[in-house]
Amino acid sequence: MASKAVTLLVLFLALIVVVAAAAVEARRPQSDDPTAAAAHAKRRSKDATPTHLHFFFHDTVSGKSPTAIRVVDPPASSSSSSSPFSMFGMVNVMDDPLTEGPEQDSGPVGRAQGLYMASDQNTIGFLQAMNLVFTSGDFNGSTLALLGRNCPLDDVRELPIVGGTGAFRFARGYALLHTHWLDFQTGDATVEYNVYVMH
Ligand SMILES: *[C@@H]1O[C@H](CO)[C@@H](O)[C@H](O)[C@H]1NC(C)=O
């Protein structure tokens with residue numbers, strides 16, 4: 001009798017395992033982009049060396065077709081408690097081109113879409129939140145999400161990568177930003193990006 005009870009118990013436990021496995025399978029997304037999935041699987045199987053991306057970011061705020069627009073001016077009242085130089089409270093929204101080289105007409109890499117907001121009362125310090133949307137090369141169709149502090153007058157700024165899509169699922173890493181060119185009259189700038197991402 002005891003052995004029969006043990007057999008029943010084993011069968012019961014086996015059933016639980018099968019049901020649990022089926023439940024896990026059912027939770028997987030039904031439709032998946034095979035290209036992104038394949039690229040991702042390939043990356044995951046490699047050594048834990050970050051992917052290095054190098055490109056240039058063009059922020060044009062002046063002229064007839066700016067790629068970044070100011071949606072909130074720094075409130076006049078903020079100048080009493082903060083340095084006017086800081087532009088505290090300003091918000092710009094951007095859809096800036098990313099290119100292979102420092103020239104605007106060099107090979108397109110993608111877009112930087114998001115915002116930068118002056119959030120430091122004493123100096124020019126932005127909260128920058130953006131998606132890097134890749135439109136060519138190995139990572140065409142994939143995105144990286146960045147969120148961090150950008151003080152544009154610093155030589156090198158570091159922004160954390162907080163996530164990604166497509167080939168960049170599970171992304172983590174950082175981007176180093178260095179101003180390549182800045183027009184102090186207009187505020188237009190070209191920034192060199194070195195991105196190191198694990199995915
Ligand atoms: C990027 O992918 C899109 C969608 O698959 C495609 O239409 C486009 O031609 C690709 N661009 C490049 C430069 O490969």
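Ala, Val, Leu, Ile, Met, Phe, Trp, Tyr, Cys and Pro count as nonpolar, Asp, Glu, Lys and Arg as charged, and the others, Gly among them, as polar. The model used in these exercises is predicted.

**Exercise 1**

Classify the residues around the ligand.

*Solution.* Start with the names. Thr135, Ser136, Asn140 and Gly141 surround the ligand. Then apply the classes. Gly counts as polar. The shell therefore holds four polar residues, with no nonpolar and no charged ones, under the class scheme.

**Exercise 2**

Work out the secondary structure content of the chain and its order.

*Solution.* Count the elements. The chain has three helices and nine strands. Now read along the sequence. The pattern is α-α-β-β-α-β-β-β-β-β-β-β.

**Exercise 3**

Find the strands that pair with E9, and give the sense of each pairing.

*Solution.* Take strand E1, residues 51-59, beside E9, residues 189-198. Nine bridges join E1 and E9, and the two run antiparallel. Phe55 has Tyr193 of E9 as its bridge partner. Next take strand E8, residues 172-182. E8 pairs with E9 over 10 bridges, again in the antiparallel sense. Here Gly173 is matched with Val197 of E9.

**Exercise 4**

Which residue takes a positive phi in the hairpin of E8 and E9?

*Solution.* Locate the link first. Six residues lie between the two strands of the hairpin. Then check phi. Gly187 takes a positive value near 90°.

**Exercise 5**

State the buried share of the chain and the share of its contacts that span 24 or more positions.

*Solution.* Begin with burial. Of the 199 residues, 26% are buried. Turn to contacts with a separation of 6 or more. Residues 24 or more positions apart account for 48% of them.

Definitions and conventions: Residues are numbered from 1 along each chain as its sequence is written. This is a predicted model: local features need pLDDT of at least 70, side-chain atom pairs count only at pLDDT 80 or more; totals for chains, interfaces and linings use all residues. A residue is near a molecule or strand if its C-beta atom, placed from the backbone, lies within 6 Å of it. Two strands pair if DSSP finds at least two bridges between them. Helices (H or I, at least four residues) and strands (E, at least two) are DSSP runs, numbered from the N terminus. A residue is buried if 20 or more other C-beta atoms lie within 10 Å of its own, exposed if 12 or fewer, and partly exposed in between; C-beta atoms are placed from the backbone. Two residues are in contact if their C-beta atoms, placed from the backbone, lie within 7 Å.
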